[in-house]
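Biologist: Could you take me through one part of this model closely, and then work outwards from it? Please give the cut-offs as you go.

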Amino acid sequence: MPTADKLTMFQMAVGDMPKAKEFYSDHLGLKVAKDYRQDEDHWWVSLDGAQGGATITLTTYKSNMKPGNLVLYFSTSDVTANHQALAKQGVKVGDIQNDLYGPGSGVKFFQVEDPDHNLVHVWQA
């Protein structure tokens, strides 16, 4: 029996919580599940996707984490519509490309950076 059955949450350090929270909730459409703040250095915001999956917890409590060290992948049913929507919101989006998983894969995607320079891929499921 495996010890780890399913990834349920991961935590990532952020440099500016209001900007990070806005990016993930307002621009990418994740739902804020919890927002707990003791002070500026002890603030956690948990976000969930519309179809479930692992919860993302943003934190200003960095311990041994540094902002900007992750690459994230989000699926969407319409990569073109989401690309256009993010661009209209003022998010700097990369061009739509066709081979996320290598030459010939045909998986359409584009990239954006979050406020801490984590690379975010949005790909068409």
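Modeller: Start with strand E5. Its covered face carries Leu72, Phe74 and Thr76. Its uncovered face carries Val71, Tyr73 and Ser75. Helices (H or I, at least four residues) and strands (E, at least two) are DSSP runs, numbered from the N terminus. The model is predicted, so local features need pLDDT of at least 70 and side-chain atom pairs count only at pLDDT 80 or more, while totals for chains, interfaces and linings use all residues. Residues are numbered from 1 along each chain as its sequence is written, and side-chain values use heavy atoms, with hydrogens and water left out.

E5 belongs to an open sheet of three strands, in the order E5-E7-E6, with mixed pairing. E5 (71–76) and E6 (109–113) are the edge strands; each has a single partner strand, so one side of each has no neighbour in the sheet. From one strand to the next, the twist averages 25 degrees. Two strands pair here if DSSP finds at least two bridges between them. Axes are lines fitted to C-alpha atoms, for helices over the stretch in contact, and angles run from 0 to 180 degrees between N-to-C directions.

What is the partner of E5? E5 and E7 run parallel and are joined by six bridges. Within that pairing, Thr76 has Gln124 of E7 as its bridge partner. So Thr76, on the covered face of E5, also has a place in the ladder to E7.

On its other side, E7 (residues 119–124) pairs with E6. That pairing is antiparallel and has five bridges. Val112 stands opposite Val120 in E7. Helix H2 (residues 79–88) lies across E5, E6 and E7. H2 runs at about 25 degrees to E6. Contact means heavy atoms within 4.5 Å.

E5 also takes part in the largest pocket, whose volume is about 650 Å³. The lining has 25 residues, and Leu30, Gly49, Ala50, Phe74 and Ser75 are the closest to the pocket centre. On a 1 Å grid over the protein atoms alone, a pocket is an open set of points where a 1.4 Å probe fits, with protein on both sides within 12 Å along at least five of seven lines; lining residues have an atom within 4 Å of a point. Grid points are joined across faces, edges and corners, and a volume is the space filled by probe spheres set on the points.

Phe74 is on the covered face of E5 and Ser75 on the uncovered one. E5 gives the largest share of the lining, five residues. E3 (42–48), E5 and H2 each supply at least two residues.

Now follow the chain back from E5. The loop between strand E4 (55–59) and E5 holds Ser63. Ser63 has a positive phi, near 40 degrees, in a residue other than glycine. At a relative accessible area of 56%, Ser63 is exposed. Buried means under 20% relative accessible area, exposed over 50%, partly exposed in between (1.4 Å probe, protein chains only). Asn64 is found in the loop between E4 and E5 as well. Asn64 is exposed, with a relative accessible area of 72%. Asn64 and Lys108 are 44 residues apart along the chain, and their C-alpha atoms are separated by 35 Å.

Another loop, between E6 and E7, contains His117. Phi of His117 is positive, near 75 degrees, in a residue other than glycine. His117 counts as exposed at 54% relative accessibility.

E4 leads to the other sheet. It is open, has four strands in the order E1-E4-E3-E2, and its pairing is mixed. E1 (9–13) and E2 (31–39) are its edge strands, each pairing on one side only. Neighbouring strands in this sheet are turned by 15 degrees against each other on average, direction ignored. E1 and E4 pair in the parallel sense over five bridges. Ala13 has Thr59 of E4 as its bridge partner. H1 packs on this sheet and touches E1, E2, E3 and E4; its direction makes about 5 degrees with that of E3.

H1 appears again at the second largest pocket, with about 240 Å³ of space. Of its 15 lining residues, Phe23, Val91, Lys92, Glu113 and Asp114 lie nearest the centre. H1 (17–27) and E6 are the elements that give two or more residues to this lining. H1 gives the most, four residues.
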